[in-house]
Amino acid sequence: MSQVHSDAHALIFSGPITLDTIAALEAQTRQHLADHPLSALQVNLSAVTKLDTAGAVFLRRLPALGQAQGKELELSPPPPTLQSFFDFIRLPPATTSRPENKQGRLESLGEQLLASRGRALSFLYLMADLTVETFAALYKPKGMRRGTFVEQALAIGAQALPIVALILFLIGAVSSLQSAAQLRQFGAHIFVADLLAIGICRELGPLMTAIIIAGRSGSAIAAEIATMKFTEELDALQTMGLDPLRFVAVPKMWAMLLCVPLLTIMADLLGILGGVFIAFTSLEVAPGAFVVRALEALLLKDVLTGVIKSISFAWIITLIAVYRGLDFKGGAAGVGRATTSSVVASIFAIILLDCFWGVIFYLKF
Amino acid sequence: MQRLIDISDLRVAYGSTLVLEGIDMHLQQSEIAVILGSSGCGKSTLLKTIIGLVPPSSGRIEILGQNFLELGAPDRHSLRRRIGVMFQYGALLNSLTVGENVALPLEMHADLNPILVEDIVRTRLHLVGLDHAFSLYPTELSGGMRKRAALARALSLDPDILFCDEPGAGLDPITAAGIDRLLLTLNQSLGTSIVIVTHELLSIERLDGRLIMLESGQVVFTGSVAAAQSCDIPTVARFFNPGVEE
C-alpha cells in the first residue's frame, strides 16, 4: 500500500510509487504540504518498495511541486535496490513548450492572402496543364496505359448509373407532387409536365448528377491521387519517364467528360419518368399525355444547355479532385482532408458554374 | 527466474496455409529474446500471435502468468497495458504530435495531472534522444526518429515486456546501431524484457540475446549468438555465413 505521511521535518513516502499510485500520492502530498508548518522539508524515500518511470518522474518533480506551495523540498536517496533506476530517470534539462504564434492579426491575414494567391496560381497552372494534356492526348496518346479510359468510364459512368437514376427518379416524383399541389388549385395540373421537363433538363438533371458525381467519383479521384503521392507512386512514374498528369489524370478527365453528359441525359429521362409515375398514380393524367405535353414544352436548347453545363461540371470536378489529390500533405488524415475538400470545393464550383451558365443562356440583356 | 512468456505447441494458419507449427518458446525476466530467420519464415506472424493480433489455430500462450487465449476482453485489455509494442514502421498516429502520441497511453490508462503527463512524456523523449520533437508531427520526422518516437510510445506505461518488430529495418547502420544501443540500455537500466524480431546480423550480434531461429514456420535453433555462429545445422550456418558456399 503506497502512502505519504509527514513527521516534524519530513515527508515520508512508502510502498510502490508507480503509474497506478502517483495520482493519489500527488493529492496526499499537496495536502501534507499545505498543512505542514515548516517551509523546508526532507523527502524520505527509504520505505519506497517499487519505482517505475512515472513514479521516478513524480519524485523528481516534487521540489517544483513544493515550490508552488512555498515549500523547499530536498529528496533523500531511495533504497539501494532502486538507486540505479532512480539515477537513470532524469527530467530533461529544459522543457520547451510548443512555440507560440506571436503573429499579429494583420500579419497572419497577409500570410493567408499570400498562401491563397499561391494556391490560386498553382490551381491555374494545373488547369492549363490538364486541359492542354487532355486535348493533346487525343492526338498523341503516348504515355497512357491501354484500357485505362475504359476502366475509368466504367467506374465513373456505368457504376454510377443506378444511384443517379434512383435519385433523379425520386426528385422527379417529388417535384411533380409539390408542383401539382399548387397547380391543382387552378385546374392546371397538366402543366406539371411542362414544369418538370424544363426544370429537370435545364437545371435539376445536370446539377444533381454533377453533385452525385462530385461526391462519388471526385472524392475517389482525390483519394487515389493523394494516396499515390503518399506512397511515392507519382514519383515512381516520373522516374520511369512518365508524366503523372497524363498517366493518371487525363484518362479520368476523358471518362468524366464523356460519362457525366451521358449520365445527365439518363438523369433527365429518369426525372421525367418519376413525374410520369406520379401523374399516373395521383394526378389522373395518362402517361402518354404527360410525355407528349413534356416533349411539346421542351426545346432542343433546354437539353443542349443541360449537356453543355454537365460537360463544364465534369471538367471542374476532375480538375478540383486532381488538384486536391496533388496538394495532399500528411498521412492518412491528409488523404481524408484531400477527399473532403475536393467534394466541398467541387460542389461550390458547380453552383458557381451553374450561375454563370444561367446568366449566359437565360439572362436577357 | 520468472517466465514472462511461455508458449507451447503453437500452431497458426491463414486459411489452409500453415504459417507456424509446433512453436515452443519462453522469455524470462530481464531477458532479450531475438526471433530471427529468413524472410517469410513466420517471424512477424509469431510476434503478432503473441501480442494477440493474429489468433492461433491451437497451442498455449501464457503471458505474465495468464493464459492469453482464455482471457476475456477486459482481462486482455489490462494485460495489454503491461506490454509495449514498437511496430516496424512506427505506427504513430499522424494526426497527433509526437508528444501527444507518447502521452496517449498515459492519458487513456491513468488519471494523471497533465503537467505530470507532460514531464513523463518529455522524460521518455529525452531517453530516446528526441527532446526537440515534442511538438513535431510524425510526418516531420526521419525514419530513425519515427522509430525512436514509436519506442518512446511503447515504453509509455513502463511495460514488463517490450516487443519490437524489425527495429532497424530501413535505417542506416549508424541509426540502427543507435536503436540497438537504446534497447540494450532499457534492458540493463530499467530491467525491461525485450522480444525483438529481426534478420539483421549486425543487430543480432549487438543485442547478444537468446536466439530463437525460425525456418518454414518451425523453431530450428534456440541458444546464444556464439552457439549459433558455431552451429552446424545447415539453416543456421547459412544464416550466419551467408556468403559461404556449402
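**Group meeting: a sheet in chain B, with a glance at chain A**

Okay, let's start with chain A: of its 365 residues, 35% are buried. Keep in mind that this is a predicted model. The secondary structure of that chain comes to twelve helices and four strands. If you take the contacts in chain A between residues at least 6 apart in sequence, 83% of them join residues at least 24 apart.

One residue there that I'd like you to click on is A:A332, which sits in helix α12, residues 332-362 of chain A. Is A:A332 buried, exposed or partly exposed? It has 13 C-beta neighbours inside 10 Å, so it counts as partly exposed; a buried residue would need 20 or more. The C-alpha of A:A332 is 8.4 Å from that of A:T227, and those two residues are 105 apart along the chain.

Right, over to chain B and its sheet. We've got six strands in an open sheet, and the order is β6-β7-β8-β3-β9-β10, with mixed pairing. Who's at the edges? That would be β6, residues 83-86, and β10, residues 218-223, both of chain B. Each of them has a single partner strand, so one side of each is left without a neighbour in the sheet. On average, neighbouring strands in this sheet are turned by 15° against each other, ignoring direction.

Now look at β3(B), residues 32-36. How many of its residues are buried? Five of five, so to speak a mostly covered strand. Both faces are covered, too: B:I32, B:V34 and B:L36 are buried on one side, and B:A33 and B:I35 are buried on the other. As a reminder, side chains in a regular strand alternate between the two faces of the sheet.

What does β3(B) pair with? On one hand there's β8(B), in the parallel sense, over four bridges. Then there's β9(B), again parallel and over four bridges. A handy residue to follow is B:V34: its bridge partner in β8(B) is B:I196, and in β9(B) it stands opposite B:L211.

Next, the helix on those strands. Helix α1, residues 43-50 of chain B, lies across β3, β7, β8 and β9 of the chain. It runs at about 135° to β3(B).

Let's slide along to the β6 edge. Here β6(B) pairs with β7(B), residues 161-165, in the parallel sense over four bridges. If you want a pair to pick out, B:V85 stands opposite B:F163 in β7(B). Helix α5 of chain B, residues 143-154, packs on the sheet here and touches β6 and β7. Its direction makes about 170° with that of β6(B).

And α5(B) has a helix partner as well. Helix α3, residues 98-109 of chain B, has an axis that comes within 8 Å of the α5(B) axis, and the two cross at roughly 25°. That's under 35 degrees, so we call α3(B) roughly parallel to α5(B). The crossing is right-handed.

Which residues make that contact? From α3(B) you have B:V98, B:N101, B:V102 and B:P105, and from α5(B) there are B:A149, B:A152 and B:R153. By type, the residues of this contact split into five nonpolar, one polar and one charged.

To finish, the picture I'd keep in mind for chain B is β3(B) with parallel partners β8(B) and β9(B), and α5(B) touching β6 and β7 while its axis crosses that of α3(B). Okay, over to you.

How values were computed: Residues are numbered from 1 along each chain as its sequence is written. Chains are lettered from A and ligands numbered from 1 in the order in which they are written. This is a predicted model: local features need pLDDT of at least 70, side-chain atom pairs count only at pLDDT 80 or more; totals for chains, interfaces and linings use all residues. Two strands pair if DSSP finds at least two bridges between them. Axes are lines fitted to C-alpha atoms, for helices over the stretch in contact, and angles run from 0 to 180 degrees between N-to-C directions. Two residues are in contact if their C-beta atoms, placed from the backbone, lie within 7 Å. A residue is buried if 20 or more other C-beta atoms lie within 10 Å of its own, exposed if 12 or fewer, and partly exposed in between; C-beta atoms are placed from the backbone. Angles under 35 degrees count as roughly parallel, over 145 as roughly antiparallel, 65 to 115 as roughly perpendicular and the rest as oblique. A crossing is left-handed if the near helix is turned anticlockwise from the far one by less than a right angle, and right-handed if clockwise. Ala, Val, Leu, Ile, Met, Phe, Trp, Tyr, Cys and Pro count as nonpolar, Asp, Glu, Lys and Arg as charged, and the others, Gly among them, as polar.
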